[in-house]
Amino acid sequence: MSSPPAPEAPRHTGLRIDAERNRQRILTVARETFATHGIDVPMEEIARRAGVGVGTLYRRYPTRGDLVTAAFATKMYAYADAARQALTDPDPWHGFCTYVEQICAMQAGDRGFTTVLTMTFPTAKQFEADRSRAFADFTTLIDRAKAAGGLRADFVTEDMPVFLMANAGVLTVTSDAAPDVWRRLVGYLIQACAARTAQPLPDPPAPRQMYRAMLRATHHQRAGKR
């Protein structure tokens, strides 16, 4: 008795190949354009540079937020991985300082990511899951750095978004004229975190306040730059 015929391999139609090619072109252009000009570049401009119709872009990415999170998915994963790597440092204080420097450097190297790190995208589940993973590991890093006596006792996780917002502001106005000024800001911030020189500070923002601030930044971007 002869064996039954093997199932036929699925065929990739020309349409599917074209659709995937368009998707890759859109993401490549979005990453490059966002990195250079920020995430407020018009969607029509991205479609033009990618060589696709505006309708094609919107079918794949109905909102700016959809395109932004797709374009920065890899960087958000790297952002989360940086916190995990910082936890492997045998000196928790050094790990903390290295992490802050690394994340701020990621901002400096990509204007779009500068903004994305101060926003939130509640409907992008994996994107926000990576952010949450980074938050959890950073919380552990904070606890270890405090226990080791390096980090000031009143530092809280909500301080990091404040650092990123401050760095984003400096980068926005100095990136062309004085591209390395952000490093001086980060140096000041890290020195202010050291336990040995700590002075009393005003109360930190509540977690819900920082979340609302990031959500508001997201809404402003979407409303003004559709």
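# Exercises on helix packing around α6

α5 and α6 pack at an angle of about 165°, with axes that lie 9 Å apart. That angle makes α5 roughly antiparallel to α6. The residues in contact are K75, A78, Y79, A82, A83 and A86 on the α5 side and G95, Y99, Q102, I103 and M106 on the α6 side. The model is a predicted one. The exercises start from the whole chain and then work through α6 and some residues around it.

## Exercise 1. The whole chain

Task: state how many helices and strands the protein has, and what share of its residues is buried.

Solution.
- Step 1. The protein has 11 helices and zero strands. Along the sequence, the pattern is therefore α-α-α-α-α-α-α-α-α-α-α.
- Step 2. The protein has 226 residues, and 39% of them count as buried.
- Step 3. Take the contacts with a separation of 6 or more: 72% of them join residues 24 or more positions apart.

## Exercise 2. The length of two helices

Task: compare the end-to-end reach of α6 and of α8 with the span expected at 1.5 Å a residue.

Solution.
- Step 1. α6 covers residues 92-108, which is 17 residues. From its first C-alpha to its last, α6 reaches 24 Å, close to the expected 24 Å.
- Step 2. α8 has 23 residues and should span 33 Å. The C-alpha atoms at its ends are 33 Å apart, so the two values agree.
- Step 3. Look past the end of α8: G149 follows this helix and has a positive phi, near 85°.

## Exercise 3. The start and the buried residues of α6

Task: find which residue caps the N-terminal end of α6, and list the helices that its buried residues pack against.

Solution.
- Step 1. The cap is D91. One of its side-chain oxygens lies 3.1 Å from the backbone nitrogen of W93.
- Step 2. The buried residues of α6 are P92, W93, G95, F96, C97, Y99, V100, I103, C104, M106 and Q107.
- Step 3. An α-helix has 3.6 residues a turn, so residues three or four places apart point the same way. Y99, I103 and M106 are among the buried residues.
- Step 4. The packing partners are α5 (73-86), α7 (111-116), α8 (125-147), α9 (159-174) and α10 (181-193).

## Exercise 4. Two neighbours of α6

Task: describe how α6 packs with α9, and give the handedness of its crossings with α5 and α9.

Solution.
- Step 1. Two packed helices are described by the angle between their axes and the distance between the axes.
- Step 2. For α6 and α9 the angle is about 35° and the axes are 10 Å apart.
- Step 3. The crossing of α5 and α6 is right-handed, and the crossing of α6 and α9 is right-handed too.
- Step 4. From α6, the residues Y99, V100, I103, C104, Q107 and A108 meet M160, F163, L164, N167, A168 and L171 of α9.

## Exercise 5. Y79 in α5

Task: decide whether Y79 is buried or exposed, and say which residues it touches.

Solution.
- Step 1. Y79 belongs to helix α5.
- Step 2. Its relative accessibility is 9%, so Y79 counts as buried; the cut-off is under 20%.
- Step 3. Setting aside residues up to four places away in sequence, Y79 touches Y99, I103, M106, F113, L117, R131, A134 and L164.
- Step 4. R131 in this list is 52 residues from Y79 in sequence, with 7.7 Å between their C-alpha atoms. R131 and A134 are among the buried residues of α8.

## Exercise 6. T114 and D110

Task: find which backbone oxygen the side chain of T114 reaches, and where D110 lies.

Solution.
- Step 1. T114 lies in α7 and is buried, with a relative accessible area of 5%.
- Step 2. The side chain of T114 reaches the backbone oxygen of Q107 at 2.5 Å.
- Step 3. Apart from neighbours within four places in sequence, T114 is in contact with Q107, A108, A168 and L171.
- Step 4. D110 lies in the loop between α6 and α7. At 3% relative accessibility, D110 counts as buried.
- Step 5. Not counting residues up to four places away in sequence, D110 touches F34, A35, F72 and K75.

Definitions and conventions. Residues numbered from 1 in each chain as written. Predicted model: local features only at pLDDT ≥ 70, side-chain atom pairs only at ≥ 80, totals over all residues. Heavy atoms only, no water. Helix = DSSP H or I, 4+ residues; strand = E, 2+ residues; numbered from the N terminus. Expected span 1.5 Å × (residues − 1). Buried < 20%, exposed > 50% of the residue type's maximum accessible area, 1.4 Å probe, protein only. Contact = heavy atoms within 4.5 Å. Polar contact = N/O pair within 3.5 Å; in protein donor to acceptor, adjacent residues only side chain to side chain. Axes fitted to C-alpha atoms, helices over the stretch in contact; angles between N-to-C directions. Parallel < 35°, antiparallel > 145°, perpendicular 65-115°, else oblique. Left-handed = near helix turned anticlockwise from the far one by under 90°.
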